[in-house]
Amino acid sequence: MKRVIRFSRFFVPAVIISSALILFGLYGYFTKGFNLGVDFQAGINQTVQLALPAMSATYTDKGNAEVRISDSALTLVLSGAESDEKTLVFDFKTYPTIGDLAKALGGVNGISVSVEPGSEALPATLLVPTYEGNTFLSSAGLVIHRAPKDASEQFADIEQVRQALSSLGNIGVQTLQPASQQRFLVRVQDEGTDPNFAANARAKVKAGLEAKFGADRVVVIKTDVVGARYSESLTRRVFWLILGTLALILIYSMIRFKIEYAIGAVLAVVHDALIMVAFIVWSGMEFNTQSIAAILTILGYSINDTIVQFDRVREERKLRPNEKFEDVLNESLTIMLGRTIITTFATLLTVFSLIVFMSGSNRDFAIALLVGMISGTYSTVYIASAFVLWWDNHKEKREKAKLAKSGSQASQPAVKA
Amino acid sequence: MSKTRRLIIVIAVLAICFAFLYPSLQWYFWTPKEDQAIAVGSREQIREYSRRTAYSIVGDLKAKAAAGDTTDLSKEYPLEIQLAKKAYKDSGRPLPKVWNAESILGAYQNEKAIFDAIEAKYREKMLGLKSVHGRALQLGLDLAGGMSVVIQADFQDTAKRVGHELSAAEREDAINRALETLNNRIDQFGLSEPVIRRQGADQIYVEIPGTADPDRINSIIMGKGNLAFYIVDTDATTALRQYLMQNPLGVDEKTMTVAQAGIVPEGKIVRKVYTKDSYGLDEFTGEYMVLESTPGLDGSHIQSATVSVDSITGKPETNFVLDKEGGQIFYDLTSNNVGKTLAVVLDERIKSYAVIQEPIRESVRISGFSADEAQSLATLLRTAALPVTLSVVNQQAIGASLGEDAIRQGEKAIIIGLLAVFLFMFAYYKGAGVNATIAQIINLYIMLAVLSAFKLTLSLPSIAGFVLTIGMAVDANVVIFERIKEELRAGKSRKASIDAGFHKAFWAVMDSNITTIIAALFLAQLGSGTVQGFAMSLAIGNMTSLFTSLFVSRLIFDFETDVLHMKHVSIGWGIK
């Protein structure tokens with residue numbers, strides 16, 4: 001038989017450390033608060049890029065011609081009857097410079113392209129992706145923008161953007177990395193005074209920036225709008241959601257196990273959620289619907305982990321009813337250690353892959369998951385199992401006390417006699 | 001259960017899943033992007049597309065035949081030749097030897113027959129693709145790109161305007177009319193057909209895939225229905241109809257002008273006539289009308305509109321009441337134009353028209369409709385009378401290329417994450433690792449099929465959910481394998497160890513998955529958007545992983561034992 005690891009020895013210090021971390025998190029929550037994402041704050045969230053015009057294209061043939069630019073290619077979709085229906089993909093590897101791309105695009109029937117002087121030789125990857133707005137070509141000409149090629153072409157920084165928008169009231173500006181591409185996140189809070197806030201604020205941001213930097217130099221990448229009523233109802237719903245889920249898990253595990261296991265499992269889950277809250281607060285990560293999804297996942301993951309463990313503890317206990325519970329617990333934790341390590345490692349592989357390959361809020365989501373998973377694995381042993389042991393010891397003591405009491409009563413007549 | 005029966009169950013499940021996944025494969029892998037662009041459009045756009053396509057094909061064939069071009073066109077016009085073959089067969093004539101322009105045209109009696117046959121073929125093709133799209137796995141806005149808008153109906157504002165609090169029935173009516181108005185504008189939204197649905201008592205949710213142009217979309221959503229009455233120029237309308245018989249594409253759809261001058265008198269306008277199709281959506285009837293350039297009466301004068309039944313003829317009629325000023329204008333208009341046709345125009349579309357029998361004052365009755373038509377006309381008129389104030393409360397716009405980038409990232413993350421897990425399982429569990437990998441691949445496949453079957457949307461959070469589910473699903477395999485190892489260490493045979501391993505691990509796997517499923521299903525009921533997609537994929541993944549880890553993986557082990565007569569279990573290092 002393998003050597004049994006005495007996990008129970010570390011139960012007390014672990015609970016102290018966990019409590020300290022959670023208190024620290026709660027302290028942060030009440031003093032600092034979440035860095036709330038747009039889902040929870042009424043207002044608009046706009047990603048804008050201050051760019052330079054690279055070329056302008058017109059289309060005069062019949063049907064529709066739509067240009068889409070992504071990180072790696074320019075796609076032209078020609079559709080509608082009477083036109084040659086086709087999709088042309090101009091890969092930036094095959095057309096490395098803006099000049100090459102313009103030449104290829106201009107070769108399509110009905111399209112003519114004029115490149116801004118100085119842009120021909122620049123790499124095509126500088127082009128600003130077409131994310132929001134109208135990307136259909138018409139006779140009026142669609143301007144395609146590019147990011148500055150180097151520091152010498154940069155013309156805007158966060159202070160200038162703030163200045164340009166200072167008349168809008170309560171605004172927040174953030175530089176998105178890398179700073180050289182001049183992309184900013186602009187947040188305007190909805191004060192609730194303007195019924196047509198969404199449309200007006202958007203127009204004002206654009207107008208403010210255009211007045212400062214020039215009409216052809218502002219590209220809106222993405223706009224999110226959240227109304228006051230929407231964000232309120234979301235917060236309330238999420239709270240009840242989590243409470244309801246915990247109640248259901250408690251009931252099911254009470255039916256399948258004993259009450260101390262059920263409480264232990266739920267305590268572990270609450271622990272993990274609070275650890276994640278602490279992490280999100282102190283890392284300054286944005287708190288949005290994805291963070292909620294991450295916490296909810298960990299709820300599922302942690303309960304899964306705990307139940308598998310408890311199943312084994314219960315089984316071992318039935319096999320050896322006369323042994324001390326602490327020893328039974330330590331032994332089943334040791335037996336399951338292999339499984340815990342392998343499962344955690346396998347799941348971590350997928351989460352790491354999400355962290356490495358995703359970006360932006362999805363990456364934050366994966367990092368939050370990572371923290372939650374580590375906490376979830378840890379809490380199975382040091383919170384859930386520790387609670388069950390504590391309950392058992394406590395029960396034993398109570399029983400002993402009861403026994404002692406009834407014992408002394410029983411012995412009293414003997415003394416008299 | 002015998003192995004054969006279990007194998008049949010597994011194969012049946014896989015086959016059913018394939019049936020659910022088939023439309024997705026067809027749409028995402030076998031349909032070219034340009035066909036997709038047409039197929040996701042509105043029915044009207046599809047109709048317009050097929051008309052124009054048929055017209056240009058017939059034109060091309062006619063030109064070739066006239067020029068005496070006898071080249072074989074099998075490559076160029078396979079669809080048309082297929083149609084022509086059928087036409088030859090139906091009329092009992094022998095098939096021509098060569099398929100050139102003349103022999104294709106020769107299949108039909110006249111030009112209209114060719115035109116109709118080709119048009120119908122293209123329309124069927126696109127409508128078929130449209131239905132495939134409906135059954136395929138839907139991509140969320142974060143992956144496909146597009147906009148979602150939540151619109152709030154402001155009843156208080158409307159109440160202020162009409163001068164009294166709105167009753168529950170009036171609110172219901174108002175929100176339904178707002179929905180109706182948006183549905184009427186469905187093909188103005190851009191290339192793709194939007195999702196428009198009611199959300200709760202006073203909200204409307206609009207999702208527009210593909211387009212992410214907030215300004216345009218907002219002007220469509222927030223623009224009030226513009227209703228007006230126009231006098232029809234009957235002579236010019238007849239002339240236009242005759243001209244269009246010869247030149248089916250004589251009207252430019254974008255500018256609504258006629259190619260040949262002189263048909264439409266100076267200063268008059270051309271509009272299309274619409275009816276409702278069986279979906280309650282606008283359908284172009286193919287008819288055009290020439291109208292006076294200024295409306296005879298603006299819709300803002302309408303006070304109410306109802307449907308009643310004529311007491312003598314029993315036919316339904318639409319009644320509407322005008323305000324005083326409007327009544328006078330309408331009286332002047334109708335007395336000057338008795339015998340002419342009056343058209344009801346909403347947002348540049350002719351929705352209905354009737355001949356003016358006599359001068360009419362403020363209370364107007366229009367008859368000559370079916371009950372449904374009368375009802376929809378009344379609704380239309382009421383829309384103009386009492387528009388509810390709408391405001392955008394939530395809006396998200398994601399460009400299509402942002403979605404493409406996200407998909408690429410997600411793809412990479414999933415593939416590499418899964419490969420890493422599989423390699424790890426091979427390395428650690430050897431033979432049993434292969435077993436687990438097969439089970440997980442089947443798991444992934446079933447998950448996608450279930451997602452398709454329930455018409456759930458695949459979004460980025462749900463992809464992340466899947467990756468994580470795979471990680472968790474591996475846990476079921478690990479729990480079972482570790483049990484088998486314990487039994488093997490205790491000196492049991494292959495068969496006995498596997499039996500005992502699965503038996504003892506059964507409840508651990510069940511309990512842990514059921515608690516997760518409970519949590520996930522509960523979230524899916526109450527959550528919205530992101531949370532819901534995520535929770536559903538978690539719940540589905542947990543259910544399918546129960547099937548693959550307890551059933552499929554077991555079957556593979558038994559197959560190895562009984563059919564391949566394996567004596568040992570390859571389940572890791574140092575164990576025989």
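Colleague: What share of the 417 residues of chain A counts as buried, and what makes a residue buried?
Modeller: In this predicted model, 43% of the 417 residues of chain A count as buried. A residue gets that label because 20 or more other C-beta atoms lie within 10 Å of its own.

Colleague: How do you know how chain A compares with a compact globule of 417 residues?
Modeller: Set the radius of gyration against the rule, 2.2 Å times the number of residues to the power 0.38. The rule puts such a globule near 22 Å, but chain A has 31 Å, so chain A is not as compact as that. As for the box, the C-alpha atoms fill roughly 115 × 50 × 45 Å along the principal axes.

Colleague: Which domains is chain A divided into?
Modeller: Domain 1 takes in 7–39 + 230–398, while domain 2 covers 44–226. Their C-alpha centres lie 44 Å apart.

Colleague: What share of the contacts in chain A with a separation of 6 or more comes from residues 24 or more positions apart?
Modeller: That would be 71%. As for secondary structure, chain A has nine helices and 12 strands.

Colleague: Why are residues of chain A said to be in contact with chain B?
Modeller: Because their C-beta atoms, placed from the backbone, lie within 7 Å of those of the partner residues, 73 residues of chain A are counted as touching 72 of chain B. Helix 7 (residues 289–319) of chain A gives the largest share of chain A's side, 15 residues.

Colleague: And how many residues on that side of chain A are nonpolar, polar and charged?
Modeller: The split is 33 nonpolar, 25 polar and 15 charged.

Notes
Residues are numbered from 1 along each chain as its sequence is written. Chains are lettered from A and ligands numbered from 1 in the order in which they are written. This is a predicted model: local features need pLDDT of at least 70, side-chain atom pairs count only at pLDDT 80 or more; totals for chains, interfaces and linings use all residues. Domain bounds come from an automatic or database domain assignment. Two residues are in contact if their C-beta atoms, placed from the backbone, lie within 7 Å. Helices (H or I, at least four residues) and strands (E, at least two) are DSSP runs, numbered from the N terminus. Ala, Val, Leu, Ile, Met, Phe, Trp, Tyr, Cys and Pro count as nonpolar, Asp, Glu, Lys and Arg as charged, and the others, Gly among them, as polar. A residue is buried if 20 or more other C-beta atoms lie within 10 Å of its own, exposed if 12 or fewer, and partly exposed in between; C-beta atoms are placed from the backbone.
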